[in-house]
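Biologist: Please pick a single part of this chain and take a close look at it. After that, I would like to see it set against the rest of the model.

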Amino acid sequence: MFNKQSVSLEWAGRTLTIETGQVARQADGAVMVQYGDTIVLATAVFAKEAKPGQDFFPLTVNYQEKYFASGRIPGGFFKREGRPTEKETLTSRLIDRPIRPLFVDGFKHEVQVVVTTLSYDLENDADIIALVGASAALVLSGAPFMGPIGAARVGYKDGQYIINPTIAELEESELDLVVAGTSDAVMMVESQAAELSEDVMLGAVVAGHDAMQPVIDAIIALAEKAAKEPFAYEPPDHSAALKSVIDTVGADLSKAYKITAKGERYSAIGAAKDKAKAALVSTEDTPRAMTAEVFKTVFKEAEASVVRGDILKTGERIDGRKLDQIRPIVAEAGFLPRTHGSSLFTRGETQAICVATLGTSDDEQYIDGLDGTKKEKFMLHYNFPPYSVGETGRMGGAGRREIGHGKLAWRALKAVLPKHEDFPYTIRMVSEITESNGSSSMATVCGCSLAMMDAGVPLSRPVSGIAMGLILEGTDFAVLSDILGDEDHLGDMDFKVAGTENGITSLQMDIKVAGITKDIMGKALEQAKGGRMHILGEMGKALTASRGQLSENAPQMEIIKVPTDKIRDVIGSGGKVIRGIVDETGAKVNIDDDGTVQISAMDRKSIEAAIKMIKGITAEAEVGEIYEGKVVSMKDFGIFVNFFGPKDGLVHVSQMANKRIGHPKEMVKEGDKVWVKLMGFDERGKVRLSMKVVDQETGKELADVAGDDASEE
């Protein structure tokens, strides 16, 4: 019934198996990929005809995690998987980015890739084999996909690269880098690093690319046994139409792309487009060879051809800058008066308002996933409203782009955050993009770095980021620093590098051509370093380090430790004691299972009062010490005094004064404050207190007073 085919190989100490022919047989391509006990099902389906008028490539990638894969039931009311998690969204983007450029130019048939995690062993993350599975499914499908690609994760510890580190190994690694590519070149890089050098990062990319080659060979071997016949698709030849457009308005486009202001430039490009359309496109009145649909395609190609050619010939860019020149930067810290920390970062026509908000452990984000529920103390949310590019558009929740850009900035800043035990705050960063013309994600890195320092977060060093571009024609290439939006759209690479003066903290690369070489990447990294240092200098005009003190608008916080056997005493029955501390002091108190107590309030006085009460509960009373207490009950034989946190003790009537009294009410009433000395404990462990040996006015011990000369009941 089944025509199963499979390939296996030993890869970084574990067996990788790719199998087809048993599951999802109606998909154009489907594979089961297993690594360790982690298994994914990857499928690819493509439409056999393009929709009429389709002017873009409709590729959709959906990565989804099923909670049964790790033996878990989803949380929430419905107890089923819902909208994509951040991890699923980021992995979908991770798969999309390296495969998209490898479809044949002009192919506009709808393609959908679905990857589902079916088994998860808590050791091997599914994202790498999801990439491998998507690549294999596409190769088997017969779609005009110029793959396969491979992928690998690279860690770094003690000067050594680790290929496909486990989850546990990754926690101790200085690097988490995912690289994907073909047999010849790298297509995509995504990474988070602990201030590593350019040489180490480049070495990691090369190590990952080398490590994926056996996987590419395995996919080819499987395709030789099980691939479908290639889909009959001939890319349209628009060379004549392209030449006509360039001949007609090439000079106009070249002139338009030398206008620095984005709005004016777009107006000039629009005028050139109208001119070419009027001269070349067929109408009812004037039949011509070029249709409106073809014109739309070739005009974009004409723009790219003109811009790229001018840059390679002259070394001068769209806005007149040199290849390595950074646009003007204005950085301002403390931009908003009532926030905990804020900044305004402007670079050319890209601008971000970044805001830092500090909270307590109550504000931590709970993240549910295959490996359980985790708490995140650092959040970064990126918002890209349509007005930032002068357009109207739908306003809603965060899309894939917003989630991806926010995570890139999060990775860039994570390495310089203080340890939680040294700075016990939850940190939420928000980046509002108010203008965009190139690399708003890197503006977010710069702006958020400034905003956290403005809030008093003790970052180890400020972080800056830069986006690099590439124009590649044959063996000729130009690396561009701080690219504009148009240079991104018309170029061959989007290469983002963030880091401190000490090294790189995050690197992300996307390629629109069939990969780039080690030499080009090395050149881009070196040029990016100079740009990063320049941007750090401009940021330093606003702030060079943390302000050293928290904003007056931020909550104050203190952490103390209590013995674990005292946690119950601090909480009290049903939380009665801890609620009493909160009510009396106004401070917020959280206690963990390890005895860590986090106390926060808007003023220091409340925190100190709460600490005093907690220490009073957890400390041990010492015999011979004098304490101030409160009378909590009265008996004929004496009074009970609350003198040390929740501890009460008896002052026998004979210990109340240096004279005989008939009843305690002759001296005190309930609620009175009294000074007592802890005399010791009776044979049953009950506390014995004395008032008569202490001056009730000053709290000082009286000399020559017998403290234990009477019998007690």
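Modeller: The part I would pick is the loop between β2 (14-20) and β3 (29-35), where alanine 24 lies. The model is a predicted one, and the values below are computed from it. Alanine 24 is not a glycine, yet its phi is positive, at about 55°. Most residues other than glycine have a negative phi. Alanine 24 is partly exposed because its relative accessible area is 33%, and partly exposed covers the range between under 20% for buried and over 50% for exposed.

The strand before this loop gives a contrast. Isoleucine 18 lies in strand β2. With a relative accessible area of 1%, isoleucine 18 is buried. What does isoleucine 18 touch, not counting residues up to four places away in sequence? The list is Gln5, Ser6, Val7, Val31, Met32, Val33, Val132, Ala136, Ile219 and Leu222. Among these, Val31, Met32 and Val33 fall within β3 (29-35), the strand on the other side of the loop of alanine 24. Valine 7 is eleven residues from isoleucine 18 along the chain, and their C-alpha atoms are separated by 5.5 Å. Two other partners of isoleucine 18, Val132 and Ala136, fall within helix α2 (residues 126-141).

That helix is the next place to look. Aspartate 127 is found in α2. Aspartate 127 counts as buried because its relative accessibility is 5%. Leaving out residues up to four places away in sequence, aspartate 127 touches Thr91, Leu94 and Arg153. Thr91 and Leu94 have numbers inside α1 (86-99), while Arg153 has a number inside β7 (150-157).

Between α2 and β7 there is a loop, and proline 148 has its place there. The peptide bond joining glycine 147 and proline 148 is cis, with omega at about 5°. Most peptide bonds are trans.

Alanine 24 has a counterpart in the loop between β5 (59-65) and α1, where lysine 79 is found. Lysine 79 is not a glycine either, and its positive phi is about 60°. With a relative accessible area of 48%, lysine 79 is partly exposed.

Further along, alanine 256 is found in helix α6 (residues 239-256). Alanine 256 is buried, at a relative accessible area of 2%. Its contacts, not counting residues up to four places away in sequence, are Arg265, Ala268 and Ile269. Asparagine 164 is 92 residues from alanine 256 in sequence, and the two C-alpha atoms are 48 Å apart.

Two helices further on are worth setting side by side. Helix α10 (residues 440-455) has 16 residues and reaches 22 Å from its first C-alpha to its last, close to the 22 Å expected. Of its 16 residues, 16 are buried. Glycine 456 follows α10 with a positive phi near 95°. Helix α12 (residues 518-539) has 22 residues and reaches 31 Å, close to the 32 Å expected. The buried residues of α12 include Ile520, Met521, Leu525, Gln527, Arg532 and Glu538.

After α12 comes a loop leading to β22 (556-561), and serine 551 has its place there. Is serine 551 buried or exposed? Serine 551 is buried, since its relative accessible area is 13% and the cut-off for buried is under 20%. Apart from neighbours within four places in sequence, serine 551 is in contact with Thr339, His340, Ala455 and Gln556. One of these, Ala455, is the last residue of α10. Isoleucine 95 is 456 residues from serine 551 along the chain, and their C-alpha atoms are separated by 42 Å.

As for the chain as a whole, there are 15 helices and 29 strands. Its radius of gyration is 34 Å, whereas a compact globule of 713 residues would have one near 27 Å. The C-alpha trace spans about 125 × 65 × 50 Å along its principal axes. Of the 713 residues, 52% count as buried. Among contacts with a separation of 6 or more, 68% are between residues 24 or more positions apart. The accessible surface is about 33200 Å², and carbon and sulfur atoms account for 50% of it. There are 82 positive and 105 negative side chains, and the centres of the two sets lie 3 Å apart.

Methods:
Residues are numbered from 1 along each chain as its sequence is written. This is a predicted model: local features need pLDDT of at least 70, side-chain atom pairs count only at pLDDT 80 or more; totals for chains, interfaces and linings use all residues. Side-chain values use heavy atoms; hydrogens and water are left out. Helices (H or I, at least four residues) and strands (E, at least two) are DSSP runs, numbered from the N terminus. The radius of gyration is taken over C-alpha atoms; the globule rule is 2.2 Å times the number of residues to the power 0.38. Buried means under 20% relative accessible area, exposed over 50%, partly exposed in between (1.4 Å probe, protein chains only). Contact means heavy atoms within 4.5 Å. Accessible areas come from the Shrake-Rupley method with a 1.4 Å probe; for residues, only the protein chains shown count as cover. Lys and Arg count as positive and Asp and Glu as negative; His and the chain ends are not counted. The place of a charge is taken as NZ of Lys, CZ of Arg, CG of Asp or CD of Glu. The expected span of a helix is 1.5 Å times one less than its number of residues.
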